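This briefing goes with the sequence and structure shown here. Please keep both open while reading the points below.

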Amino acid sequence: MHKFLQKCDDALAEISAQGRYRRFVALEKLAESFPYYRVTMEGRTRDILVWSTNDYLAMGTHPEVVEAAVEAARRYGAGAGGTRNIAGSSPLHVALEEELADLHGKDAALLFTSGYVSNQASLTAILNALPDWHVFSDAQNHNSMIVGIKGGKSATVHVFKHNDMADLERLLAAAPADAPKIIVFESVYSMDGDIAPLAEICDLADKYNALTYLDEVHAVGMYGPQGGGVSERDGVQSRITIIEGTLAKAYGCHGGYITGDFKVLDYIRSVAAGFIFTTALPPPTVAAALASIRHLRAHDARRKALFDRAETLKRKFREAGLPVMDSTSHIVPLMIGDAAKATEVSMRLIREFGMYATPINYPTVARGTERLRFTPGPKHTDEMMDELVKALVQILEPARQTQGA
């Protein structure tokens with residue numbers, strides 16, 4: 001056996017032994033009955049209630065969004081036909097970028113094929129524009145941001161303690177005063193459900209002459225009067241150099257983007273390999289995203305329902321004595337603390353109760369902090385929540401009784 005194949009075997013065996021082997025559950029999304037999905041497992045097909053979708057506002061199944069995609073497919077076809085530079089740029093792409101720039105109060109926006117690519121490509125492009133950057137990155141930043149930062153050939157990277165402004169200032173103060181600096185952070189952190197102090201970060205950026213790069217992927221569409229994210233809610237959009245977001249979560253579609261100063265984005269557009277050499281987003285996807293953004297800018301009923309549902313589920317978990325983690329956002333994590341146990345709870349929910357919640361294991365979270373991640377949305381009712389709570393209590397109660405013995 002080749003050494004590489006042996007390495008694959010050994011690594012997979014180790015991952016399995018740790019209870020971290022990822023088995024995908026093939027879930028068939030049902031547009032007319034969302035958040036119910038259809039699953040075929042162990043020779044049985046049935047509908048199950050899903051609690052862990054990132055389609056936070058159920059916009060992926062909204063009739064206006066679906067019809068926009070269908071109309072665009074009929075008019076423009078299924079695919080873009082090339083990169084933005086090779087026949088892949090359409091009036092739809094331009095309209096979506098203009099909408100996103102306006103949403104975030106910026107000069108311009110630039111579309112990417114995913115939120116991951118927008119972070120990776122943009123940060124790498126920025127950090128290779130000048131020598132000797134000093135980057136200040138939150139300890140819980142997404143992998144895409146970390147990979148993008150690592151692409152900076154001469155950048156010095158400082159990782160500050162999660163949402164710790166004293167630690168961030170300590171690192172900023174110690175860096176060379178004349179070095180180019182950028183603070184890279186998220187608004188809503190998707191695994192713990194906490195929110196960064198954006199105004200305080202902007203204050204430090206002003207004090208130490210640093211640029212700011214904000215990932216709003218788990219906030220756009222949901223926070224702020226028009227869904228512009230936590231930066232809109234907190235009134236700091238104009239103080240952020242670059243705001244990055246996604247079309248694949250609250251907007252229910254696909255793709256990523258950045259917004260900011262026209263010259264900065266024009267530079268990134270001209271040098272970022274992840275933009276230049278990738279086929280443009282398909283017109284049906286772009287049209288659907290545009291319809292979704294416009295709807296959510298004009299209507300806030302789903303945003304209000306989202307936060308009501310999240311707070312209700314947190315309360316029901318607490319009242320039942322379930323180990324719900326503190327969360328100041330719409331994300332509701334339930335601490336399990338063991339990889340194999342998290343997977344077992346998730347599978348029992350499917351098999352015994354017809355529900356699905358994603359187990360979150362290392363390396364997404366630290367060992368010993370494995371959890372289930374719940375994202376209740378506008379279509380999750382109190383009755384659904386009560387059934388979920390009963391199921392979780394039944395699954396977790398024996399373990400709690402054993403621990404207390």
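The points below cover the overall build, the surface and charges, the aromatic pairs and the backbone exceptions.

The model is predicted, not experimental. Its chain holds 14 helices and 14 strands. With a radius of gyration of 22 Å, close to the 22 Å that the globule rule gives for 405 residues, the chain is as compact as a globular protein of that length.

**Overall build**

- Taken along the principal axes, the box filled by the C-alpha atoms of the chain is roughly 60 × 55 × 55 Å.
- Of the 405 residues in the chain, 54% are buried, a class that requires under 20% relative accessible area.
- Among contacts with a separation of 6 or more, 71% are between residues 24 or more positions apart.

**Surface and charges**

- The exposed area of the chain is about 18,100 Å², and carbon and sulfur atoms supply 53% of that area.
- The chain carries 43 positive and 49 negative charges, and the mean positions of the two sets are 3 Å apart.

**Aromatic pairs**

- Four aromatic pairs turn up in a search of the whole structure; two of them are described here, beginning with Phe 112 and Phe 275.
- Phe 112 and Phe 275 pair edge-to-face, with 5.7 Å from centre to centre and 70° between the planes.
- Phe 112 belongs to strand β4 (residues 108–112) and Phe 275 to helix α10 (residues 273–276), so this pair ties together parts that are 163 residues apart in sequence.
- Phe 112 and Phe 275 are both buried.
- The pair of Phe 317 and Phe 374 is also edge-to-face, because the ring centres are 5.3 Å apart and the planes stand at 75°, where edge-to-face calls for an angle over 60 degrees.
- Phe 317 is in helix α12 (residues 301–319) and Phe 374 in strand β14 (residues 371–374); the two are 57 residues apart, and their pair links distant parts of the chain.
- Phe 317 and Phe 374 are both buried.

**Cis peptide bonds**

- Most peptide bonds are trans, and most residues other than glycine have a negative phi. The remaining points list exceptions to each.
- Between Phe 34 and Pro 35 the peptide bond is cis, and its omega is near 15°.
- Pro 35 sits in the loop that runs between β1 (27–29) and β2 (36–41).
- Tyr 362 and Pro 363 are likewise joined by a cis peptide bond, with omega about 10°.
- The loop between β13 (358–360) and β14 contains Pro 363. Strand β14 is also where Phe 374 is found.

**Positive phi outside glycine**

- Glu 42 is not a glycine, yet has a positive phi of about 55°.
- Glu 42 is placed in the loop between β2 and β3 (44–50). The relative accessible area of Glu 42 is 62%, so this residue is exposed; the cut-off for that class is over 50%.
- Asn 209, not a glycine either, has a positive phi of about 55°.
- Asn 209 lies in the loop between α7 (198–207) and β8 (210–215). Its relative accessibility is 64%, so Asn 209 counts as exposed.

How values were computed: Residues are numbered from 1 along each chain as its sequence is written. This is a predicted model: local features need pLDDT of at least 70, side-chain atom pairs count only at pLDDT 80 or more; totals for chains, interfaces and linings use all residues. Side-chain values use heavy atoms; hydrogens and water are left out. Helices (H or I, at least four residues) and strands (E, at least two) are DSSP runs, numbered from the N terminus. The radius of gyration is taken over C-alpha atoms; the globule rule is 2.2 Å times the number of residues to the power 0.38. Buried means under 20% relative accessible area, exposed over 50%, partly exposed in between (1.4 Å probe, protein chains only). Contact means heavy atoms within 4.5 Å. Accessible areas come from the Shrake-Rupley method with a 1.4 Å probe; for residues, only the protein chains shown count as cover. Lys and Arg count as positive and Asp and Glu as negative; His and the chain ends are not counted. The place of a charge is taken as NZ of Lys, CZ of Arg, CG of Asp or CD of Glu. Rings of Phe, Tyr and Trp (its six-membered ring) pair if their centres lie within 6.5 Å; planes under 30 degrees apart count as stacked, over 60 as edge-to-face and the rest as tilted.
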